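Colleague: I should like to go through this structure with you. Please explain the terms as they arise.

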Amino acid sequence: MSYLRNCWYMASWSDGVGLGEVIGRTILDEAVALFRDPSGGIGAVEDRCPHRFAPLSAGKVNAEGIVVCGYHGLGFDRTGACVANPHGTVLRGAKVRSWPVVERHGIIWIWMGEAERCDPASIPDFAWLDSAPASARSHGEILSGGGGYDLYVDNIMDLSHTDYLHAETLGKGGVVFNKPNVTTTDEWVEVSWESRNARPPAFYPRMIPNLPELVDLTLRVRWIPAAAMRLDAEIRHDGKQGDDCHRASAAHIFTPETKDSTHYYFALVRNFAEEDAALNQMIADTRKRIFQTEDKPMIEKVHAAMRGRGFWELKPLLLRIDEGGVQVRRVMKKLVENEGRGEPLSIAS
Amino acid sequence: MSYLRNCWYMASWSDGVGLGEVIGRTILDEAVALFRDPSGGIGAVEDRCPHRFAPLSAGKVNAEGIVVCGYHGLGFDRTGACVANPHGTVLRGAKVRSWPVVERHGIIWIWMGEAERCDPASIPDFAWLDSAPASARSHGEILSGGGGYDLYVDNIMDLSHTDYLHAETLGKGGVVFNKPNVTTTDEWVEVSWESRNARPPAFYPRMIPNLPELVDLTLRVRWIPAAAMRLDAEIRHDGKQGDDCHRASAAHIFTPETKDSTHYYFALVRNFAEEDAALNQMIADTRKRIFQTEDKPMIEKVHAAMRGRGFWELKPLLLRIDEGGVQVRRVMKKLVENEGRGEPLSIAS
Amino acid sequence: MSYLRNCWYMASWSDGVGLGEVIGRTILDEAVALFRDPSGGIGAVEDRCPHRFAPLSAGKVNAEGIVVCGYHGLGFDRTGACVANPHGTVLRGAKVRSWPVVERHGIIWIWMGEAERCDPASIPDFAWLDSAPASARSHGEILSGGGGYDLYVDNIMDLSHTDYLHAETLGKGGVVFNKPNVTTTDEWVEVSWESRNARPPAFYPRMIPNLPELVDLTLRVRWIPAAAMRLDAEIRHDGKQGDDCHRASAAHIFTPETKDSTHYYFALVRNFAEEDAALNQMIADTRKRIFQTEDKPMIEKVHAAMRGRGFWELKPLLLRIDEGGVQVRRVMKKLVENEGRGEPLSIAS
Ligand code: FES
Ligand code: FES
Ligand code: FES
């Protein structure tokens, strides 16, 4: 598995890096020190001091927004330039690597590829996360899960796992036994399941009062390269159409740490019971627990069972439920190959 | 160390796999899902679903005795054939590997070699484990011990370690200072120690009332390839002979997980104080504690001290106490070589 | 990094090996069993029994000062010769490797190189550790710290880290912002910092009553190959000179376990408040806590950030504070190269 480098990856939730804080993250095998200056700006520099190799994330951010090494005090700005040396004059040209970062809609994005190709216009659109009131919105993260990010993307692209992996927690809905529709555009791959006059999953009636016994259900997952996903679950009844529905929209965003481990970010907003903060907390707690105790352990077991061999090398038995996930793998393969040849990264090309 | 593959290995105690249960074991580097259907039958199949590689041991056994993958629900029977697909038609020919299993005398045996050479007649005979009443019988296991199974076999083949490793717990008996007798037949290697008019090990008088101060002692260890062992400890007095003795018989059965770790099964029956369930529990607890706190740590230290090098490569200093263990190593070497050349596996050949 | 082998390394504090005790240590990748006989003599032999490879450090020392294997009872003397076999006659010529050891001034030194070049005259002089009364003396150790010993030496050679790494605990003294003086002789490298009419570090006034607000400060670190260090901190006032000062002298002695881990020994004596045992305990506790929670974690982070690459390979940005540490690296490189060519080991050669 080669990484797609010319691409925006999620480096943190905005609230994961406070004013004057620095944290260390591994992203695409690189050690990154992510820091925020006292006025709110974000920097991302190599997490290894050029002096004697202390991680800068073990240091501090000073009042001027300089990240100061915690070992002997060299200071670096957001461009990675060494701008402070308490032991003598500042050494011209001394610097560490830096990466472009953009903060948008509560997410800090980082560009791990060639600087000249960096374009904030290509940041995946998560504006919808900001649209809900705080009482209808939650987010969280799993700092490090075993297994490559592709296994995490697979997990969401094929929601039929819900009926088995989450049988005890999310209930056996059965909607995902229908064949999914897969759509590929130049920017994303989408998979959706439609079900009419079906019983909603067991937990919906608990969240939405007076729901009829039978409803129309839509599940829709959109994947944006390399690993940003939106999952909409919509319930309609009495012949309603379009946006006139109960909708819960989830973000599932994955960032490769290494080939073998992944940082998992998730969020949820809903358009119903928006003022119910207690329900919001309950949903947030439940989801985090489900990820931690069901998805993550299963993906880690899959990773262990693969014993370091590649997905195709193991000759997977493909089912019709895999169409979305396989399409994502095909697109990623093409994008990585195009990148390797210096060609444009469009999915359609 | 190459494994002997055409051989029965212990996969579990019978009570280690309940009705409708599935467990995962590593045996000879293979991931095995061992499961029992609701009517009691045992199956052993590859512990990796062919769909997206979830371990089947993370799934469930359904009412029909099918092991159902816990990720997306494919079902497999005992032959490894995929017989259920909730997402469409069952795919002809889809299957996972399976291994022959036989349950006998409270032990589940698995054949890891060529199916056409599989012969239940060659299962090591542990009928004697069943012969004692429950109050004179106990068994247990150590799920994973560091070190190859050969180190565990060595440990039992040379009981002179008792006087040192178990000096505090089993007492310094001294019987094993005598030169052992080693006998090799076409089916096993046996080592025995005889001592006349000797003090019995310290714990025997506690178990057997009115034991004379001096007794005749016999220790006898029989090894059956690849790693099944029986250890009889017999005490006789007043000129008694043969079966007219106090006998404690232990099973020590080892299953290679990998070159570097071993599953250790043990059991004990006795022909005295057979109705004393409290004594039985005390003996079982003591043995388990001794294995866990004395044998296993020592074998793991030996394994660590060898730093990945082979036994012969390290040029061991052989003593006369090693005759049995060395004979076992010679036999195993021949068996593995014969197997490699496709020749019969008889010890004598 | 190659080790300098013809050199004395610290194997233990004297009180780390009691009468009749045996401990296991890894020194320069070798497993060493270090033991003391009941009359006080010290032996160092290979920590792997030649019989079946149990670590001798898992055994016992008997009344005759023989280290007896804990598995089957072979006994070895300080020369490594097998001198006891409870299972038969002693095997002529059976032996394990042994290393020269010398106990001096509370330290057990071991020679890991060629026996014919072993010369106790070249043991680093730590007589000064013995000179203080017990109430002005303390020592301790960190059994295993991640990172090569060179990173630990660097840490002490460049005390400017105090102002950053220990800002909260030792206080920001600032004395080490002065350029250090570096002196190299045929036997050691020394680095020193001088400061006149300066504020003493925050903790000094707590230890020394009636200290003037401004004092003269001297810090002096002497490194003796391969990894023995003495650090003197001296405070003078009212124009006093030479030995007429408050002096705290620390030993920092490092022993490579492997390329990637180090045993860290430390000690402290002082020439003031020598009878204050409570102060002594407070200082000892504080130092141990600082090493454990500040130095060791930072060095381990540096080690992790280097990801197995060498110091020079990473092209460090050298500052004037590095002059001492760089000089040590140059000397060590020359010593190791000379050793490789069989040339004399003098620093000056
Ligand atoms: S390691 Fe960063 S300043 Fe020294
Ligand atoms: S991994 Fe087993 S059914 Fe999908
Ligand atoms: S391993 Fe030391 S005596 Fe057997």
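Modeller: Two residues are in contact when heavy atoms lie within 4.5 Å. The model is predicted, and in it the contact takes 31 residues from chain C and 24 residues from chain A.

Colleague: What makes up the area buried between chain C and chain A?

Modeller: Buried area is the accessible area that two parts lose on being put together, summed over both. For chain C and chain A this comes to about 2200 Å², and carbon and sulfur atoms give 63% of it.

Colleague: Why is the pair R52(A) and D322(C) called a salt bridge?

Modeller: The term requires a side-chain nitrogen of Lys or Arg within 4 Å of a carboxyl oxygen of Asp or Glu. In R52(A) and D322(C) the closest N and O atoms are 2.7 Å apart, so the pair meets the cut-off. The count between chain C and chain A is three salt bridges.

Colleague: Which elements of chain C give two or more residues to the side that touches chain A?

Modeller: They are α1 (149–157), α2 (162–165), α4 (277–306) and α5 (323–340) of chain C. Of these, α4(C) gives the most, with six residues. By class, that side of chain C has 17 nonpolar, four polar and ten charged residues.

Colleague: How do you know that chain B and chain A are related as by a three-fold rotation axis?

Modeller: A turn of 120 degrees, with a shift of 0.0 Å along the axis, lays chain B on chain A with an RMSD of 0.0 Å. The two copies are therefore related as by a three-fold rotation axis. Of the residues of chain B, G308(B) comes closest to the rotation axis, at 12 Å (C-alpha).

Notes. Residues numbered from 1 in each chain as written. Chains lettered and ligands numbered in written order. Predicted model: local features only at pLDDT ≥ 70, side-chain atom pairs only at ≥ 80, totals over all residues. Heavy atoms only, no water. Buried area = accessible area lost by both parts, 1.4 Å probe. Helix = DSSP H or I, 4+ residues; strand = E, 2+ residues; numbered from the N terminus. Nonpolar A, V, L, I, M, F, W, Y, C, P; charged D, E, K, R; others polar. Least-squares fit on C-alpha atoms with pLDDT ≥ 70 in both.
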